[in-house]
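Me: Hey, I've got a new structure to look at and could use a hand getting my bearings. Can I throw some quick questions at you?

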Amino acid sequence: MKKLVCVLLLLCLLFTPGCGKSPEDDETETDNLITVGFSQVGAESDWRAANTKSMQESLSEASGFELYFNDAKQKQDTQIKAIRTFIQQQVDYIVLAPVTESGWESVLEEAAAAGIPVIIVDRQVDVSNPDLYCSWVGSDFRKEADMAVEWLETELKRQGRDEEEINILHLQGTMGATAQIQRSRGLEVGVGKNMNWHIVSQLECEYTQAAAYEQTLKYLKKNRNIDVIYSENDNMTFGAMEAMDELGITYGLEGDVMIISFDAVHSALENCINKKINLCVECNPLHGPRVITIIRQLENGITPSKLAYVPETCFDARTITRAQIDSRTY
Ligand code: AHR
């Protein structure tokens, strides 16, 4: 019996991963990993969940990274605290998805003083010294808005309504976030060009379904005279749809209210093919592999692009196909 136990132990040492390794071996393996502190905005939308997943799956141990992840629940203070903790932990890189553009100067100076390179993803930071971060990767939010405005001009012409008074209800994301600033500016410029378009109200909905539901319901209970909902993300669109369902207001290709929505997450595209959302403007959240490319460049002494815009498109309820939806990963 003793003999059998010894043989089993020996087999375990030979074939079990990790078995037989000394603590020094483990240390050596962890030592070789590149440590990255990632301060994420929060979990406010399906887009954000896809973004977090992309970062966590890409910056894995198998790929040579140790990721310290912090969810700031949409609070800048929490992001600043997280960055300070990453500095104390002496991570190799800090990745920041900033909730708003302003307010980063001091903490980024602290990271620079500690010699830790900072990579910005998704929204941008407004800092007087651009050397406070090495690279930014994300969407061209203004271009997204311009695509939406151009689509609305064409669609109204197609419907023979280009001379009609058009009332637009505007659902805005977190005020001061690049996605909000640029998507709002694009619409406002479009309204300036088309004298028959009117923004009847701008509702601040923080990119969340719950806030958009509450706000849209409250607004539409008092005033139903709207032609278009311009919603700065899909989750706010879902909230507005809930509110309209409750009030018996029809929307989409065959309804009374046209919907323009940003992100193009899977469930929005399903609503688009089902004719409930007229236009889905893509916002690509898959930044994990892009961040890895930037880190690899820095590791190899290559200066990455200061700003890298990702290519994006849009989907029209009239032309979207099942194959398009099925080929997408978020
Ligand atoms: O900054 C990107 C925006 O943030 C996405 O449109 C939205 O869904 C997210 O919360």
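Me: Which helices each supply at least two residues of the lining of the largest cavity?

Reply: Helix 3, which covers 46-58, and helix 7, which covers 178-193. Keep in mind that this is a predicted model.

Me: OK, and how many residues line that cavity in total?

Reply: The lining of the largest cavity has 13 residues. W47, R48, R123, R183 and D263 are the ones nearest its centre.

Me: What's the mix of nonpolar, polar and charged in that lining?

Reply: Six residues of the lining are charged, five are nonpolar and two are polar.

Me: How much space is in there?

Reply: The largest cavity holds about 90 Å³ of space.

Me: And how many cavities of 30 Å³ or more are there?

Reply: The count comes to one.

Me: Switching to the ligand. Where is it?

Reply: The ligand takes up the space of the largest cavity. Helix 3 and helix 7 are the elements that give two or more residues to the shell around the ligand.

Me: Which residues surround the ligand?

Reply: Here's the list: E44, S45, W47, R48, D122, R123, A179, R183, Y207, N233 and D263. By class, that shell has six charged, three nonpolar and two polar residues.

Me: How far is the side chain of D263 from an oxygen atom of the ligand?

Reply: An N or O atom in the D263 side chain is 2.5 Å from a ligand oxygen.

Me: What about the arginines, R123 and R183?

Reply: For R123, a polar side-chain atom lies 2.8 Å from an oxygen atom of the ligand. For R183, an N or O atom of the side chain is 2.9 Å from a ligand oxygen.

Me: How much of the ligand's exposed area does the protein bury?

Reply: The protein buries 100% of the 280 Å² that the ligand exposes when taken alone.

Me: New topic: pockets. How much space does the largest pocket have?

Reply: About 180 Å³.

Me: Which element gives the most to the lining of that pocket?

Reply: Helix 3, with five residues.

Me: So who's on the full list for the largest pocket?

Reply: The pocket is lined by D46, A50, K53, S54, E57, V265, H266, L286, T329 and Y330.

Me: And the split by class for the largest pocket?

Reply: Its lining has four nonpolar residues, three polar and three charged.

Me: Thanks, that gets me started.

Conventions
Residues numbered from 1 in each chain as written. Predicted model: local features only at pLDDT ≥ 70, side-chain atom pairs only at ≥ 80, totals over all residues. Heavy atoms only, no water. 1 Å grid on protein atoms, 1.4 Å probe; cavity = no way out; pocket = protein on both sides within 12 Å on 5 of 7 lines; lining within 4 Å. Points joined across faces, edges and corners; volume = space filled by probe spheres on them. Helix = DSSP H or I, 4+ residues; strand = E, 2+ residues; numbered from the N terminus. Nonpolar A, V, L, I, M, F, W, Y, C, P; charged D, E, K, R; others polar. Near = heavy atom within 4 Å. Polar contact = N/O pair within 3.5 Å; in protein donor to acceptor, adjacent residues only side chain to side chain. Areas by Shrake-Rupley, 256 points an atom, 1.4 Å probe, with all protein chains shown as cover. Sits in = over half its atoms within 2 Å of the grid points.
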